[in-house]
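Trainee: Could you take me closely through one part of this model, the aromatic rings and the buried residues around them, and then set that part in the context of the chain?

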Amino acid sequence: MTDSKIKVLTGVAIALLGFGGVWYWQSSPAATSVSSDNSQPQTTPLGNLSAAFTLAGHSDSIFAVAISPDGHTLASVSADKTIKLWNLDTGKEIRTLIGHSQWINSVTFSPDGKTLVSGSADKTIKVWNLDTGKEIRTLTGHLASVQSVAISADGSTLASGSWDQTIKLWKLATGENIRTLKGACDVVNTVAFSPNGKILASGNYFDNSINLWDIATGKETYTLKGHSQAVSSLAFSPDGVTLVSGSWDQTMKSWNVTKQREISTFTGHTNKVLSVAVSPDGKSFASSSWDKTIKLWNLATGQQIGTLKGHTSRVWSVAFSPDGKTLASGSFDKTIKIWHVAAK
């Protein structure tokens with residue numbers, strides 16, 4: 001990675017953080033509300049939408065949220081350099097994990113719910129024991145900010161994507177670096193494992209593309225192109241056939257991974273799309289944006305189901321609970337909102 005690109009990205013990150021702070025303090029709190037596009041038939045399981053409660057405790061912007069496999073715990077990571085664990089049943093904070101020296105970009109639970117992994121601008125990945133709240137180990141090797149972390153469905157492999165233009169694969173149990181994936185011509189914003197763990201998808205910042213990797217060989221198998229700005233987020237459908245991408249070009253796209261082609265483009269946001277999450281049943285997905293909203297979509301038909309409003313600044317991250325009934329969102333406004341997404 002060239003020094004000029006590192007300087008550009010550092011400048012972008014600082015500018016985003018600074019602008020977000022100014023915007024937050026100049027904005028007045030808005031009442032939480034939900035609006036639906038009544039021109040679209042309500043044909044998906046995500047029919048009744050309501051905000052359950054708001055979690056406040058971080059002292060700076062929240063960059064990512066994740067829900068545990070049992071659906072009872074939420075993890076949030078922030079520019080305040082901390083990870084907070086929350087009880088989703090009560091809305092109470094469980095504990096705060098401290099260890100990173102810079103803002104934290106990404107967080108994920110292991111499939112067994114015993115381990116948490118975080119990736120940070122301090123160039124490290126930390127592995128945490130959720131029973132004790134203690135750090136198990138720190139993984140080093142990236143030369144720039146770690147933007148995204150993901151764990152394979154069998155819990156054996158951890159992937160980390162970085163602005164140093166590499167993706168690293170690690171043994172989760174030991175922290176051993178299995179291999180480094182090179183060949184992506186760009187800095188990496190996001191990574192996602194296919195449900196069977198055989199494919200890793202990565203999204204790029206400068207060339208706006210998505211790379212597909214064969215985990216067994218470490219080889220890049222295909223590049224998906226179609227977005228006109230940075231790819232910010234990726235999520236697979238439960239069957240592994242469909243990949244959903246979110247981009248700074250204000251759109252989301254669905255891709256057939258098997259046939260390696262674009263299926264649909266979803267439009268509706270009025271600013272950069274920052275996160276996407278596919279529902280556990282694979283019928284719907286959520287997207288969050290710089291425009292302060294979260295939108296829900298029918299993945300098969302492309303219809304917009306509804307818009308969740310309530311955050312007072314950009315919404316960096318969304319995550320579904322395992323049963324698909326709850327959606328969590330983390331925002332630049334320093335809050336997390338928990339939404340009940342009830343089946344019709």
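Mentor: What follows begins with the chain as a whole, moves to the aromatic rings, and ends with three individual residues.

The model is a predicted one, and its confidence deserves a word before any detail is read. The mean pLDDT of the chain is 87, with 83% of the residues reaching 70 or more. Residues 10–47 stand apart in this respect, since pLDDT stays under 50 over that stretch, even though the model has 81 contacts beyond four places in sequence for those residues. Where pLDDT is low, the predicted coordinates should not be read in detail. The secondary structure of the chain consists of one helix and 29 strands, and of its 344 residues 57% count as buried. If one takes the contacts between residues at least 6 apart in sequence, 46% of them join residues at least 24 apart.

Nonpolar side chains in soluble globular proteins tend to be buried together. In this chain the largest nonpolar core has 14 residues, and the members that touch the most other members are F63, W103, Y205, W248, L274 and W316. A second core, separate from that one, has 13 residues, among them A66, L97, F109 and W128.

Turning to the rings themselves, the count of aromatic pairs comes to ten. One of these pairs is formed by F63 and W316 in an edge-to-face arrangement, with 5.4 Å from centre to centre and 90 degrees between the planes. This pair links distant parts of the chain, as F63 belongs to strand β3 (residues 62–67) and W316 to strand β27 (residues 315–320), 253 residues apart. Both F63 and W316 are buried, and both are named among the core members that touch the most others.

The pair of F285 and W297 is stacked, with the ring centres 6.2 Å apart and 15 degrees between the planes. Because F285 lies in strand β24 (residues 284–289) and W297 in strand β25 (residues 294–298), this pair ties together parts that are twelve residues apart in sequence. F285 has a relative accessibility of 0% and so counts as buried, while W297, at 2%, counts as buried too.

Ring pairs also link W163, Y205, F206, W248 and W290 into a cluster, and two residues of that cluster, Y205 and W248, appear in the list of well-connected core members given above. W290 has a charged neighbour as well, for R314 lies over the face of the W290 ring at 3.9 Å from its centre. The charged end of R314 also sits over the ring of F332, 4.1 Å from the centre of that ring.

R314 leads on to S289, because R314 is among the residues that S289 touches beyond four places in sequence, along with H269, N271, K272, V273, L274 and V315. S289 is found in strand β24, the strand that also holds F285, and at 0% relative accessibility S289 counts as buried. The side chain of S289 has polar partners in the backbone: it reaches the backbone oxygen of K272 at 2.8 Å, and a polar atom of the S289 side chain lies 2.9 Å from the backbone nitrogen of D291.

K253 offers a charged side chain in a buried setting. K253 is placed in strand β21 (residues 251–256), and with a relative accessible area of 7%, under the 20% cut-off, K253 is therefore buried. The side chain of K253 is joined to that of E262 by a polar contact of 3.2 Å. Leaving aside residues up to four places away in sequence, K253 touches G226, H227, L243, V244, S245, E262, S264, T265 and F266.

E220, in strand β18 (residues 219–224), has a relative accessibility of 32% and so counts as partly exposed. The side chain of E220 makes polar contacts with two other side chains, that of N211 at 2.8 Å and that of T223 at 2.7 Å. The C-alpha atoms of E220 and L200, which lie 20 residues apart along the chain, are separated by 9.3 Å.

Conventions: Residues numbered from 1 in each chain as written. Predicted model: local features only at pLDDT ≥ 70, side-chain atom pairs only at ≥ 80, totals over all residues. Heavy atoms only, no water. Core = buried A, V, L, I, M, F, W, Y, C linked by side-chain atoms within 4.5 Å. Buried < 20%, exposed > 50% of the residue type's maximum accessible area, 1.4 Å probe, protein only. Helix = DSSP H or I, 4+ residues; strand = E, 2+ residues; numbered from the N terminus. Polar contact = N/O pair within 3.5 Å; in protein donor to acceptor, adjacent residues only side chain to side chain. Contact = heavy atoms within 4.5 Å. pLDDT = per-residue confidence, 0-100. Phe/Tyr/Trp six-rings, centres within 6.5 Å; stacked < 30°, edge-to-face > 60°. Lys NZ or Arg CZ within 6 Å of the ring centre and 35° of its normal.
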